[in-house]
Amino acid sequence: MSNPTLQAVRGMNDILPDEAGLWLWFEDVVRDWLESYGYRNIRMPLLEPTALFKRAIGEVTDIVEKEMYSFEDALNGDHLTLRPEGTASCVRAVLQHNLLYNAPQRLWYAGPMFRHERPQKGRYRQFHQFGVEALGFAGPDIDAEMILMCARLWKKLGIRDVTLQINTLGDTAARQRHREKLIAYFEQHKDALDADATRRLHSNPLRILDSKNPAMQDIIAGAPKLMDELDEEALQHFAAVQEILNRHDIAFEINTRLVRGLDYYNRTVFEWVTTRLGAQGTICAGGRFDGLIEQIGGKPQPACGFAMGIERLLALLQEDGMASPPAPLDVYVVHQGELAGAMATVLAEQLRDAGLKVLLHCGGGSFKSQMKKADGSNAACAVIIGDDEACAGMVKLKPLRGGEQLQLAPGELSDKINELVKG
Ligand code: ATP
Ligand code: MG
């Protein structure tokens, strides 16, 4: 039994080689897909000033109230936070480097995010996201394009059984009116509120609508609807998004209770949800955040974005029986003897020059034990070199998936192997 004294931090996972193959494959697919929509990569630090998240995400959100890894830098007293999401950092970077001067930006990033949550299936303390942001775009066309993008990705990945929920949160004035009505309504039903809801009553009453507490569902169902407060412009924007989705046969459900956990959203919000991952069923979420850029200190600019939870997406693929593809390897080089060893190293480098993936056996051992390793690898063939072969300037080539063993001059090797690998 393995019992290392030091273990990873709870809720933070090692991704071991057997699983990492699936991650690499997934990342390739995602990169192609992002490029096919003209998005460019941006990479931000994992650590940011705590004030950034407080300002962007909102003081009274779950994330800022109880999920952030924040600490004081012991060396200079700076207040720092491991990023819980990417949008705030992305906007911070774009403003800092003036990228929005004269040109909107379509950007994506990927990497670990950190939230101090209760670890469970599909919910970790270090998890990974792909994030996509379109900054400087106002129209419903970009909202809809983001949803079309997602639909295309699900198709590429072979993911079925995800449904799209959309909603509109309207603009500031409507939200303010709605907020006041909500507070008045919930105050009339104070006895029915749980502790979380009571705490949020005046700070963030919208979040009460998001509560999963069964005992509060009736009260929530009767609450004033934001829909009834929306301005004409926001309604038209929402209608235009729906029209594009309909034109592209994207099925959706309007969920008026979808409010999202972050403060910065307005107008369009959406989530892609599956019922196959238990309670952690949201694999992708996003929406419009027209106020965020100004909130972080930039000139007001509209924007829209979404993020996918990679662990949840991969869990869904694994549910469907998808496994890591085998590590790609063309040649396993077996050798014994001093002369043979020197020749093997040179040959392996030459084969790599020819574009082949080569594993050079290291650590000695009999031909028999080396051949066993070659057979157990995914290589298409083994190159075998003993001192006899090395003296004669010849090598043996053994196909590992059936076929005759050949004796060849080193110069003939790469062509022959390419034939085998492609055949
Ligand atoms: P949830 O309601 O599940 O807590 P959220 O609203 O906090 O999600 P977002 O901040 O919108 O999530 O993040 C986008 C996506 O990142 C989520 O839809 C989910 O797939 C993934 N995600 C969020 N938190 C975690 C976590 N702790 N572990 C794994 N994946 C996560
Ligand atoms: Mg959350």
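**Aromatic pairs and the ligand 1 shell**

Q: Starting with W33, is that side chain buried or exposed?

A: W33 counts as buried, at 0% relative accessibility, where buried means under 20% relative accessible area, exposed over 50% and partly exposed in between, with a 1.4 Å probe and protein chains only. Please keep in mind that this is a predicted model, in which local features need pLDDT of at least 70 and side-chain atom pairs count only at pLDDT 80 or more, while totals for chains, interfaces and linings use all residues. Residues are numbered from 1 along each chain as its sequence is written, chains are lettered from A and ligands numbered from 1 in the order in which they are written, and side-chain values use heavy atoms, leaving out hydrogens and water.

Q: OK, and how many aromatic pairs does the structure hold?

A: There are seven aromatic pairs in the structure; rings of Phe, Tyr and Trp (its six-membered ring) pair if their centres lie within 6.5 Å, and planes under 30 degrees apart count as stacked, over 60 as edge-to-face and the rest as tilted. One of them joins F26 and F130 in an edge-to-face arrangement, with 6.0 Å from centre to centre and 70 degrees between the planes.

Q: Which parts does the pair of F26 and F130 tie together?

A: F26 belongs to helix α1 (residues 17-35) and F130 to strand β6 (residues 126-135), so their pair ties together parts that are 104 residues apart in sequence. Helices (H or I, at least four residues) and strands (E, at least two) are DSSP runs numbered from the N terminus. F26 is buried, with a relative accessible area of 0%, and F130 is buried too, with 2%.

Q: And what does W33 pair with?

A: W33 pairs with F306, and this pair is tilted, with 6.5 Å between the centres and 55 degrees between the planes. Because W33 lies in helix α1 and F306 in strand β11 (residues 303-309), the pair ties together parts that are 273 residues apart in sequence. F306 is buried as well, with a relative accessible area of 2%.

Q: Which residues do ring pairs link into a cluster?

A: That cluster consists of F26, W108 and F130.

Q: Switching to ligand 1, what surrounds it?

A: The shell around ligand 1 has 16 residues (each with a heavy atom within 4 Å of it), and the closest are R115, E117, R123, R260 and T282. Strands β6, β10 (282-288) and β11 each supply at least two residues of this shell, and the largest share, four residues, comes from β10.

Q: Which polar atoms come up against ligand 1?

A: A polar side-chain atom of E117 lies 2.6 Å from a nitrogen atom of ligand 1, and a backbone N or O atom of Y124 lies 2.9 Å from a nitrogen atom of the ligand. On the side of R312, a side-chain N or O atom is 3.1 Å from an oxygen atom of ligand 1. The protein covers 87% of the 590 Å² of accessible area that ligand 1 has on its own, by the Shrake-Rupley method with a 1.4 Å probe.

Q: Where does E117 lie, and what is in contact with it?

A: E117 lies in the loop between β5 (105-114) and β6, and at 13% relative accessibility E117 counts as buried. Leaving aside neighbours within four places in sequence, E117 is in contact (heavy atoms within 4.5 Å) with E67, R123 and R125.

Q: Last one: what does L314 touch?

A: L314, in helix α11 (residues 310-319), touches L22, W23 and F26, not counting residues up to four places away in sequence. L314 is buried, with a relative accessible area of 1%.

Key:
A polar contact is a pair of N or O atoms within 3.5 Å; within protein, one must be able to donate a hydrogen and the other to accept it, and residues adjacent in sequence count only if both atoms are side-chain atoms.
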